[in-house]
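This briefing covers a predicted model. The points below are grouped by topic.

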Amino acid sequence: MSTEIKGSLVLNTISTDAGVTKKTIICETDSTITGSSSVTETKTKTCGTKISVSNDAVKVSGNGLAMGDQGATEVSYMDLQKLRDAGTLISFERTHAVTGTLTAGEVSYCAFSGYVTSVSETSNSDGLSTFTWEITSSGTIDWIP
């Protein structure tokens, strides 16, 4: 029988020192990973339509609360904004924690080098300050923990 994982156990971490120091994105509320492919169609006169497929960069995006006084193992909205502004190559990892009989990364895992490609903050009079982020892969994607 299959075993589910809770979304709260899936964490996104970044590192600016090749994975030596991993930091979680502060007060994350949700995140999405997207892998897609581009398809090119070529119509021929006698062989029908042929296609070629090319994998696009993997993108991971999410939302969180823009908090201050973060811990040493957290990365804030402002940290992400500075990494985006500087064009800093980061190591990214998305994995779920150990739960029950499941080992870490058994259900959800992805690691790659990439860039923070989008960060935005929203503040309104009715609620907390929130932010969105997107990290885009550059190069090989590791799907095996």
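G105 is buried, because its relative accessible area is 5%, under the 20% that marks a buried residue. The loop between β8 and β9 (109–122) is where G105 sits. Its place in the fold, and that of the elements around it, is set out below.

**G105 and its surroundings**

- Not counting neighbours within four places in sequence, G105 is in contact with T95, H96 and P145.
- The C-alpha atoms of G105 and V10 are separated by 8.8 Å, although the two residues are 95 residues apart along the chain.
- T95, one of the residues in contact with G105, stands opposite Y109 in β9.

**The sheet**

- Eight strands make up an open sheet with mixed pairing, in the order β3-β6-β10-β9-β8-β1-β2-β7.
- Its edge strands are β3 (28–34) and β7, each of which pairs on one side only.
- β8 and β9 are antiparallel and pair over six bridges.
- β1 and β8 also pair in the antiparallel sense, over six bridges; N12 has R94 in β8 as its bridge partner.
- β9 runs antiparallel to strand β10 (residues 130–137), and eight bridges join them.
- V116 has I135 in β10 as its bridge partner.
- Strands of a sheet pair through backbone hydrogen bonds, in either the parallel or the antiparallel sense.

**E93 in β8**

- Strand β8 (residues 90–96) contains E93.
- Is E93 buried or exposed? E93 counts as buried because its relative accessibility is 17%, and the limit for buried is under 20%.
- The E93 side chain makes a polar contact of 3.1 Å with the side chain of Y109.
- Leaving aside neighbours within four places in sequence, the residues in contact with E93 are L11, N12, T13, K22, Y109, C110 and A111.

**S137 in β10**

- S137 lies in strand β10 and is buried, with a relative accessible area of 9%.
- A polar atom of the S137 side chain lies 2.8 Å from the backbone nitrogen of V58.
- V58 is also among the contacts of S137 outside four places in sequence, which are A57, V58, F112, S113 and G114.

**Helix α1**

- The buried residues of helix α1 (residues 77–86) include Y77, L80, Q81 and L83.
- Viewed down the axis of α1, the buried residues fall within an arc of 160°, so they line one face of the helix.
- An α-helix has 3.6 residues a turn, so residues three or four places apart point the same way.
- K82, D85 and A86 are exposed on the other side of α1.
- The cover over the buried residues of α1 includes β1 (10–15), β2 (23–25), β7 (74–75), β8, β9 and β10.
- At the N-terminal end, S76 caps α1: one of its side-chain oxygens lies 3.3 Å from the backbone nitrogen of M78.
- G87 follows α1 and has a positive phi, near 65°.

**Aromatic pairs**

- How many aromatic pairs does a search of the whole structure find? The search finds two.
- In one pair, the rings of Y77 and F131 have centres 5.9 Å apart and planes at 55°, so this pair is tilted.
- The pair links distant parts of the chain, with Y77 in helix α1 and F131 in strand β10, 54 residues apart.
- Both Y77 and F131 are buried.

**The nonpolar core**

- The largest nonpolar core has 18 residues, of which I14, L80, F112, V116, F131, W133 and I135 touch the most other members.
- Two or more residues of this core come from each of α1, β8, β9 and β10.
- β9 gives the most to the core, with four residues.
- L80 touches I14, I25, V75, V116, V119, F131 and W133, when residues up to four places away in sequence are not counted.
- F131 is thus named twice: as a ring partner of Y77 and among the core residues that touch the most other members.
- In soluble globular proteins, nonpolar side chains tend to be buried together.

Technical notes: Residues numbered from 1 in each chain as written. Predicted model: local features only at pLDDT ≥ 70, side-chain atom pairs only at ≥ 80, totals over all residues. Heavy atoms only, no water. Buried < 20%, exposed > 50% of the residue type's maximum accessible area, 1.4 Å probe, protein only. Polar contact = N/O pair within 3.5 Å; in protein donor to acceptor, adjacent residues only side chain to side chain. Contact = heavy atoms within 4.5 Å. Pairing = 2+ DSSP bridges. Arc of directions from axis to C-beta. Phe/Tyr/Trp six-rings, centres within 6.5 Å; stacked < 30°, edge-to-face > 60°. Core = buried A, V, L, I, M, F, W, Y, C linked by side-chain atoms within 4.5 Å.
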